[in-house]
4 protein chains.
Amino acid sequence: MAAVKKMTTIVFLGSVRENRMGLRVAKFMVKQLQEANQNVELFDPLEMPAGLLTKPLHHYQDRSTAPQWLVEADKKLRAADAIVVVSAEYNHAIPPALSNLMDHFPCSSFAYKPSAIVCYSMGPFGGMRAAMSLRCFLGELGCLSVSNIFGIPTVQNAFDADGKPLNDRMISGAKMLITQLDWHAHAMANHRNAVGIPS
Amino acid sequence: MAAVKKMTTIVFLGSVRENRMGLRVAKFMVKQLQEANQNVELFDPLEMPAGLLTKPLHHYQDRSTAPQWLVEADKKLRAADAIVVVSAEYNHAIPPALSNLMDHFPCSSFAYKPSAIVCYSMGPFGGMRAAMSLRCFLGELGCLSVSNIFGIPTVQNAFDADGKPLNDRMISGAKMLITQLDWHAHAMANHRNAVGIPS
Amino acid sequence: MAAVKKMTTIVFLGSVRENRMGLRVAKFMVKQLQEANQNVELFDPLEMPAGLLTKPLHHYQDRSTAPQWLVEADKKLRAADAIVVVSAEYNHAIPPALSNLMDHFPCSSFAYKPSAIVCYSMGPFGGMRAAMSLRCFLGELGCLSVSNIFGIPTVQNAFDADGKPLNDRMISGAKMLITQLDWHAHAMANHRNAVGIPS
Amino acid sequence: MAAVKKMTTIVFLGSVRENRMGLRVAKFMVKQLQEANQNVELFDPLEMPAGLLTKPLHHYQDRSTAPQWLVEADKKLRAADAIVVVSAEYNHAIPPALSNLMDHFPCSSFAYKPSAIVCYSMGPFGGMRAAMSLRCFLGELGCLSVSNIFGIPTVQNAFDADGKPLNDRMISGAKMLITQLDWHAHAMANHRNAVGIPS
């Protein structure tokens, strides 16, 4: 049996809007992942100077000429074992701030790793419409989204400003998702270590 | 029978990438719409100073404090009869530059009008995966996408840099789409004029 | 101004499962449409002897050799002005009983008419995941789904066995949907009468 | 390192239509999987007496009262390591014959295994629109679809009636898909053997 290694997860926060709720959800998920014994790093589009995508990293022939923040973020992404997206829903679609940031990186930085979808909305349906597009998007990036989707309706009532959960469903929901993510992260990390990845 | 009026269509171009192919497709569609006797205006995210969405127009309590370009573009959009989106496909999803620009406007500026999807890719599948998300996105915005989808595979071989088509399928494809769009634009414009729109 | 005609709507019920909840929803929608002054006909897959699709109507070279029920149902569909689908959600997808029945008819029987999505589930998300696939499916059939989607969470608590609503949201939800459907049905019927449909 | 075991894959064929092309594709895929050293079993809805779903296996309180074919097929599915779906595209949606058959089984029979999407159409877009819904469907069933999607345009020209490929792209396309499927199948089978699956 393969050795147990501490997993590292990148959490992509998917909103830069004024008064965004996503930061609450992201803070909560970071904490839950840490309590599940993971290393976690938050990629926040407000703190990464990515404008609307004009040139993804893999289109630079000489990657040393790419923006420094992008090269460094990519290094972290490559080293990670799993991805979590914290996604709002804008007009039943993926928030542009989320896809825009993720589009900056090559598929190879995501591939052969699992991902998990956390989606939320101010209304009753918890962002589940955006989640349907996210399954396709994450699949194409190469990081297969685990079966469970953690949907959070009326997010404004679910967390305080620091990401502290205000109802019981939040912790049990996160646990179920993280359990599936962690299982797949170990399965894939062990297999990457054992045989590498297909060329 | 209602009077025939010249339709006005807004074409949203969905890419700001270096060497974007979308400008070729947009130029072609603008010309085809004009030849079908429409007024056309191109909304190009490279020429509209929208960064990643922090505040859509309808979130300004006093809209006179919103950016001038946004107020003016919204006025044009409200006055239009139909919408065309010219969409690339990034990782099987809607290009962020497209959804980001459209998210700036309230649904009421799109509602009770038809829309048409033109999608393209450098590969064989013509952007049809992004089109599936676009149907949902445009539906939620209120501008129902007509049945036909004009998908353009290997777009780099389909137009020259000025948008001149290099194969016969382009003109027949555009015609089929515009015929459906124009039919619905007249149906809806006539009915808006006759009875207004639901409150 | 075009004359006001009484609209005719076909309601497709999308389940044949034991103890299906869809019949409650369909009964409710039929009643709401009638109260909104529409002629309504219910297409129930339990009452139409369609097995798994082996041959759609438009694949019969001589349509008089097609099953009688199919020919008659198609006649009603062609004469209708609008479509409503009452859809469960099975594994985040369209219930096969719904798509299977609708696939029996040619697109031309649906085209240039509006449609409305009513979706439900026993859980919190009201069938909204299936609705995303339904938008694409209905768009391809030619009957554009109106912007509003009427999603019904915990359907088992929302209606009694006769389709009588058990909470206030049901009637207001149905009204909003029917208002949009009716607007588009009149717009398109008037335009079909005025200019026909594109060949 | 975990021992290498021969993987077993279930291929779901997704059509019962007259003159279905799917059988050609399924025969081809079965052969390709066998050549890649897999055990393969074909689940063909024409040979399994599943009508439109009235009661899935997991709704029988006493499973010994369920249809024998269903109990036996479920046993094979549970024992399998991977899933392949061979899917047509009907009106931009999943063919009902495919979802209908798969809906008969509980998610637990699919879970913690990878799946692969093979889609085809008679037209240029290779069934890619149905593939977008399939990603969501397979994700909910618990068998995560690998990143690559093998799309087959103009399928009528791609295989003869015995499933012999008529162009070079078929074998290279299948190989790429099977390589990804096999990698994930081993990763997950090893991890199931090592730690079981989450309860």
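These questions and answers look at how chains C, D and B meet in a predicted model.

Residues are numbered from 1 along each chain as written, and chains are lettered from A in the order written. In this predicted model, local features need pLDDT of at least 70, side-chain atom pairs count only at pLDDT 80 or more, and totals for chains, interfaces and linings use all residues.

Q: Why are chains C and D said to be related as by a two-fold rotation axis?
A: Copies are superposed by least squares on C-alpha atoms of residues with pLDDT of at least 70 in both. Chain D lands on chain C with an RMSD of 0.0 Å, after a turn of 180° and a shift of 0.0 Å along the axis. The two copies are thus related as by a two-fold rotation axis. In chain D, the C-alpha nearest this axis belongs to D:Pro96, 2.3 Å away.

Q: What makes two residues count as in contact?
A: Their C-beta atoms, placed from the backbone, must lie within 7 Å. By that rule, 25 residues of chain D are in contact with 25 residues of chain C.

Q: Which helix of chain D gives the most to the side that touches chain C?
A: Helices are DSSP runs (H or I, at least four residues), numbered from the N terminus. Helix 4 of chain D gives the most, with 6 residues.

Q: How many residues of chain B are in contact with chain D?
A: Here 8 residues of chain B are in contact with 8 residues of chain D. Helix 4 (residues 128–141) of chain B gives the most to its side, with 3 residues.

Note on methods:
Helices (H or I, at least four residues) and strands (E, at least two) are DSSP runs, numbered from the N terminus.
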